[in-house]
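Biologist: Got a minute to walk me through this one? I'd like to start with how the helices pack.

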Amino acid sequence: MNVLIKYIWHDCFVIVFQDCVIITDFWKEETDSWHQQDFPEFLNDIAADTPLYIFVSHHHKDHFNRKIFLWVKKFKNIRYIISNDTAKSINYLLKKGSTYSGAYAVNEGVVTVLKPGMTYSDQHISARAFPSTDIGNSYLIECGGLKLFHAGDLNAWIWKDESTSAEIASALHEFQSILHEIKAVAPVIDVAFFPVDSRIGSDWWEGASIFVRILKIKYFFPMHFCLASTPEELGIRIQQGTDFTLFQNTLFGKYIALTRPEQSIVLNFP
């Protein structure tokens with residue numbers, strides 16, 4: 001089975017299976033402002049009748065854009081799987097009896113809200129929400145016999161240069177506890193998208209290193225390296241976030257850096 005992975009920006013990937021498409025944490029395209037077009041150009045590659053699943057890990061502005069709800073106008077078989085905090089942030093769109101009828105109005109029947117521990121499944125995919133060390137969810141998604149993991153903002157946010165030893169120990173304990181919870185369900189993951197963000201400071205790569213040693217990841221894709229103030233800083237963030245020599249498990253898995261918008265790779269699974 002072939003699976004196409006296309007990088008959009010930051011934490012957003014398009015994962016194309018034979019029977020459906022998954023999109024994660026759409027924020028914007030690289031050069032877009034908040035006044036971006038309603039339908040990003042990468043959507044043009046997806047047929048209107050394709051079963052389409054839009055995952056939102058949490059409502060922070062670099063993971064969520066309300067314009068995803070306009071996509072119901074283009075796709076007949078669309079399903080939004082969102083975190084509880086995201087649902088609260090758009091309560092005026094989703095609450096029963098809402099009188100809102102603006103551009104982002106969406107039929108609640110196409111939205112599924114998951115809290116950690118909750119699941120969703122249909123004929124194409126199944127998804128389980130796990131906790132995050134920030135807010136919202138991380139997601140384990142199964143499709144076509146493959147296990148995908150999108151971390152959202154699950155990471156070891158240790159900030160060693162400005163935290164006490166107790167705070168660091170607490171952050172690592174919380175992070176590892178969640179990873180062991182995931183391992184109990186899926187000790188081996190086929191494809192994982194995980195934040196590698198050098199803004200953390202010293203040992204910014206430690207979360208990724210722990211992640212690939214507690215869990216067996218067949219294909220690891222770094223993400224969350226696009227928060228920068230200048231093009232020069234962005235270049236540094238990308239270079240650091242994709243330096244696999246710092247954190248890869250040399251005994252298991254392959255590490256793939258997609259850094260250019262709409263850069264893609266096709267993975268072949270037996």
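Modeller: Sure. Keep in mind that this is a predicted model. Start with H3 and helix H4 (residues 206–214): they pack at an angle of about 30°, and their axes are 10 Å apart.

Biologist: How do you class H3 against H4, roughly parallel or roughly antiparallel?

Modeller: Roughly parallel, because angles under 35 degrees count that way.

Biologist: And which hand does the crossing of H3 and H4 have?

Modeller: H3 passes H4 in a right-handed crossing.

Biologist: Which residues meet there?

Modeller: From H3 you have Leu 172, Phe 175, Gln 176, Leu 179, His 180 and Lys 183. They meet Glu 206, Gly 207, Ile 210, Phe 211 and Ile 214 in H4.

Biologist: How do the residues of that contact divide into nonpolar, polar and charged?

Modeller: Six are nonpolar, three polar and two charged.

Biologist: Stay on H4. How many of its residues are buried?

Modeller: Eight of the nine, so H4 is largely enclosed by the rest of the structure. The buried ones are Glu 206, Gly 207, Ala 208, Ser 209, Ile 210, Phe 211, Val 212 and Ile 214.

Biologist: What covers the buried residues of H4?

Modeller: The cover includes H3 and four strands: E10 (146–150), E11 (188–195), E12 (216–223) and E13 (254–255).

Biologist: Pick one residue in helix H4 for me.

Modeller: Take Phe 211, which lies in H4. Its relative accessible area is 0%, so Phe 211 is buried.

Biologist: What does Phe 211 touch, beyond residues up to four places away in sequence?

Modeller: Phe 149, Phe 175, Leu 179, Ala 192, Phe 194, Ile 217 and Phe 220. Also, the C-alpha atoms of Phe 211 and Gln 176 are separated by 8.1 Å, with their positions 35 residues apart along the chain.

Biologist: Zoom out. Which residues touch the most other members of the largest nonpolar core?

Modeller: That core has 97 residues, and Phe 211 is in the top group. With it are Ile 5, Ile 23, Trp 71, Tyr 80, Phe 220 and Phe 221. Helix H3 (residues 165–185) gives the most to this core, with seven residues.

Biologist: What about Ile 23? What does it touch?

Modeller: Skipping residues up to four places away in sequence, Ile 23 touches Cys 12, Phe 13, Val 14, Phe 42, Leu 43 and Ile 46, among others. The list also includes Leu 52, Tyr 53, Ile 54, Phe 55 and Trp 71.

Biologist: On to the loops. Where is Asn 155?

Modeller: Asn 155 sits in the loop between E10 and H3. Its relative accessible area is 1%, so Asn 155 is buried.

Biologist: What is Asn 155 in contact with, leaving aside neighbours within four places in sequence?

Modeller: Thr 133, Phe 175, Phe 194, Pro 195, Ile 200, Gly 207 and Ala 208. From Asn 155 to Val 196 is 8.3 Å, C-alpha to C-alpha, and the two are 41 residues apart in sequence.

Biologist: And Phe 225, where does that lie?

Modeller: In the loop between E12 and helix H5 (231–241). Phe 225 is buried, at a relative accessible area of 1%.

Biologist: What is Phe 225 in contact with, again leaving aside neighbours within four places in sequence?

Modeller: Tyr 7, His 10, Val 196, Leu 234, Arg 237, Ile 238, Thr 242, Leu 258 and Thr 259.

Biologist: You mentioned His 10. What is its phi?

Modeller: Near 65°, a positive value in a residue other than glycine. His 10 is in the loop between strand E1 (2–9) and strand E2 (12–16). It counts as buried, at 0% relative accessibility.

Biologist: Where is Glu 262, and what about its phi?

Modeller: Glu 262 also isn't a glycine, and its phi is positive, about 70°. It is in the loop between E13 and strand E14 (264–268). Glu 262 is partly exposed, with a relative accessible area of 32%.

Biologist: Last one. Is Val 3 in strand E1 buried or exposed?

Modeller: Buried, with a relative accessible area of 1%. Leaving aside neighbours within four places in sequence, Val 3 is in contact with Ile 15, Val 16, Phe 17, Leu 146, Ile 265, Val 266, Leu 267 and Phe 269.

Note on methods:
Residues are numbered from 1 along each chain as its sequence is written. This is a predicted model: local features need pLDDT of at least 70, side-chain atom pairs count only at pLDDT 80 or more; totals for chains, interfaces and linings use all residues. Side-chain values use heavy atoms; hydrogens and water are left out. A nonpolar core is a set of buried Ala, Val, Leu, Ile, Met, Phe, Trp, Tyr and Cys residues joined through side-chain atoms within 4.5 Å. Buried means under 20% relative accessible area, exposed over 50%, partly exposed in between (1.4 Å probe, protein chains only). Helices (H or I, at least four residues) and strands (E, at least two) are DSSP runs, numbered from the N terminus. Contact means heavy atoms within 4.5 Å. Axes are lines fitted to C-alpha atoms, for helices over the stretch in contact, and angles run from 0 to 180 degrees between N-to-C directions. Angles under 35 degrees count as roughly parallel, over 145 as roughly antiparallel, 65 to 115 as roughly perpendicular and the rest as oblique. A crossing is left-handed if the near helix is turned anticlockwise from the far one by less than a right angle, and right-handed if clockwise. Ala, Val, Leu, Ile, Met, Phe, Trp, Tyr, Cys and Pro count as nonpolar, Asp, Glu, Lys and Arg as charged, and the others, Gly among them, as polar.
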